[in-house]
Amino acid sequence: MSGTGMPGRRPYAKGSPAPQPDRAPAKRPPATGKVTFVGAGPGAADLLTFRAARAIAEADVVIWAASLVHADVLQHARADAEIVDSAAVPLEEVVAVYARAAHAGLRVARVHSGDPALWGGTQEQVERCAALGLQVEIVPGVSSFSAAAAAAGRELTVPEVAQSVILTRLGGGKTPMPGGEEIREFARHGTTMAVFLSAARSGRLAEELLAGGYAAETPVVVAYRVTWPDELVVRCTVGTLAAAVKEHRLWKHTLFLVGPALGATGTRSHLYHPGHFHGFRRAEPEARRALREGGA
């Protein structure tokens, strides 16, 4: 035996850590797949957020609904990305793509119209992704109700007229409405209402709005495919709503904004009143006194 240590071992200096036996390199765990639910907005591709565009550009698979999302959003997809049209397949086939992503570590962009938080079937997909061990991210998008308000040039919350917005749809569609969520019950509040997925039954919608307490002359904005090239924005009233929809032959891709705020003028927010103060601005004493006394 020599002073170089045991046969087959490399010599090491006294006090140095003992050499470790040769080991095979550790295997890295497989890449975790990820699904990003992307809000594509109401139609126009330039209304995508930067984050939404990046998620689509980084995706190995882009799942989109050709019946609801404008094809221009696919301009952000890689040339080699797999494109799946969810309008042509049931949920089970979409989940099969998610399962493949989990197995192969793929990135999937699931592109929804508007905002994924509203009528997108998002929650059921998120739950299935979680069961598959996929990472999940949700990217918000511009909803069609805010796009419709912009197209009409109106604010939906007007001081002393309406300070709430109700987002709902007419009952009796493909998905049952929970009890207590009827249009006529919401209409009793008299505030601004955005009604989705109801154009095919506009006559019944008008009846429900009137039964709930909206006056026949209450302003209505009818927005068809807002921000698309064939966008149509029609102004009418609750009393003429059904006739306007029939005249323009609208039965899908149509949103209704209803409420007195859509016609209100001459109001003023206290936020920018010289008598209002906050952490960045002092109030003018005379204006503050007038504001407290109920003056403009």
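**View 1. Val35 and its partner across the strands.**
In this predicted model, Val35 sits opposite Val136, a residue of β5. The strands involved are β1, covering residues 34–39, and β5, and they pair in the parallel sense. How many bridges hold this pairing of β1 and β5? The count is 5 bridges.

**View 2. The open sheet with parallel pairing.**
Step back a little and β1 and β5 turn out to belong to an open sheet of 5 strands. Read across the sheet, the order is β3-β2-β4-β1-β5, and the pairing is parallel. Which strands are at the edges? They are β3 (82–85) and β5 (135–139), and each of them pairs on one side only. On average, neighbouring strands here are turned by 15° against each other, ignoring direction.

**View 3. Strand β2 and its two partners.**
Now zoom in on β2, residues 61–64. Strand β2 pairs with β3 in the parallel sense, over 4 bridges. Look for Val61, which stands opposite Glu82 in β3. Strand β2 also pairs with β4, again in the parallel sense and over 4 bridges. Here the residue to find is Val62, whose bridge partner in β4 is Ala109. Which way do the side chains of β2 go? Val61 and Ile63 point one way, while Val62 and Trp64 point the other way. Buried or exposed? All four of these residues, Val61, Ile63, Val62 and Trp64, are buried.

**View 4. A helix laid across the strands.**
Helix α1 takes up residues 50–58. Which strands does α1 lie across? They are β1, β2, β4 (107–112) and β5. Compared with the direction of β1, helix α1 runs at about 140°.

**View 5. Thr122 and the residues around it.**
Thr122 is found in helix α3, which spans residues 122–131. Is Thr122 buried or exposed? Its relative accessible area is 8%, under the 20% cut-off, so Thr122 counts as buried. Which residues does Thr122 contact, once you skip neighbours within four places in sequence? They are Phe37, His112, Pro116 and Ile138.

**View 6. The second open sheet, with mixed pairing.**
Another open sheet of 5 strands has the order β6-β7-β10-β8-β9. This time the pairing is mixed. The edges are taken by β6 and β9 (232–237), and each has a single partner strand, so one side of each is left without a neighbour in the sheet. Neighbouring strands of this sheet are turned by 20° against each other on average, with direction ignored.

**View 7. Strands β8 and β9 running antiparallel.**
Strand β8, residues 219–224, is joined to β9 by 6 bridges. The two strands run antiparallel. To find your bearings, pick out Val221: its bridge partner in β9 is Arg235.

**View 8. Helix α4 packed on the mixed sheet.**
Helix α4 (residues 144–152) packs on this sheet and touches β6, β7 (192–196), β8, β9 and β10 (254–258). The direction of α4 makes about 70° with that of β10. Which residues of α4 are buried? They are Phe145, Ala147, Ala148, Ala149 and Ala152. These buried residues pack against β6, β7, β8, β9 and β10. Right after α4 comes Gly153, and its phi is positive, near 70°.

**View 9. Ala187 and its contacts.**
Helix α5, residues 183–187, is the place of Ala187. Why does Ala187 count as buried? Its relative accessibility is 2%, which falls under the 20% cut-off. Leaving out residues up to four places away in sequence, Ala187 touches Met193, Glu208, Leu209, Gly212 and Tyr214. Find Leu210 too: Ala187 and Leu210 are 23 residues apart in sequence, and their C-alpha atoms are 8.1 Å apart in space.

**View 10. A nonpolar patch on the surface.**
Which residues make this nonpolar surface patch? Trp119, Leu167 and Leu197 do, and the patch comes to about 290 Å². Leu167 belongs to strand β6, residues 165–169. With a relative accessible area of 32%, Leu167 is partly exposed.

**View 11. The whole protein, for context.**
Zoomed all the way out, the protein has 8 helices and 10 strands. It has 296 residues, and 39% of them count as buried. About 17,400 Å² is exposed, with carbon and sulfur atoms supplying 54% of that. Among contacts with a separation of 6 or more, 65% come from residues 24 or more positions apart.

Technical notes:
Residues are numbered from 1 along each chain as its sequence is written. This is a predicted model: local features need pLDDT of at least 70, side-chain atom pairs count only at pLDDT 80 or more; totals for chains, interfaces and linings use all residues. Side-chain values use heavy atoms; hydrogens and water are left out. Two strands pair if DSSP finds at least two bridges between them. Axes are lines fitted to C-alpha atoms, for helices over the stretch in contact, and angles run from 0 to 180 degrees between N-to-C directions. Contact means heavy atoms within 4.5 Å. Patches are made of residues with over 30% relative accessible area and no salt bridge: like charges are joined within 9 Å, nonpolar side chains (Val, Leu, Ile, Met, Phe, Trp, Tyr) within 5 Å. Accessible areas come from the Shrake-Rupley method with a 1.4 Å probe; for residues, only the protein chains shown count as cover. A salt bridge is a side-chain nitrogen of Lys or Arg within 4 Å of a carboxyl oxygen of Asp or Glu. Buried means under 20% relative accessible area, exposed over 50%, partly exposed in between (1.4 Å probe, protein chains only).
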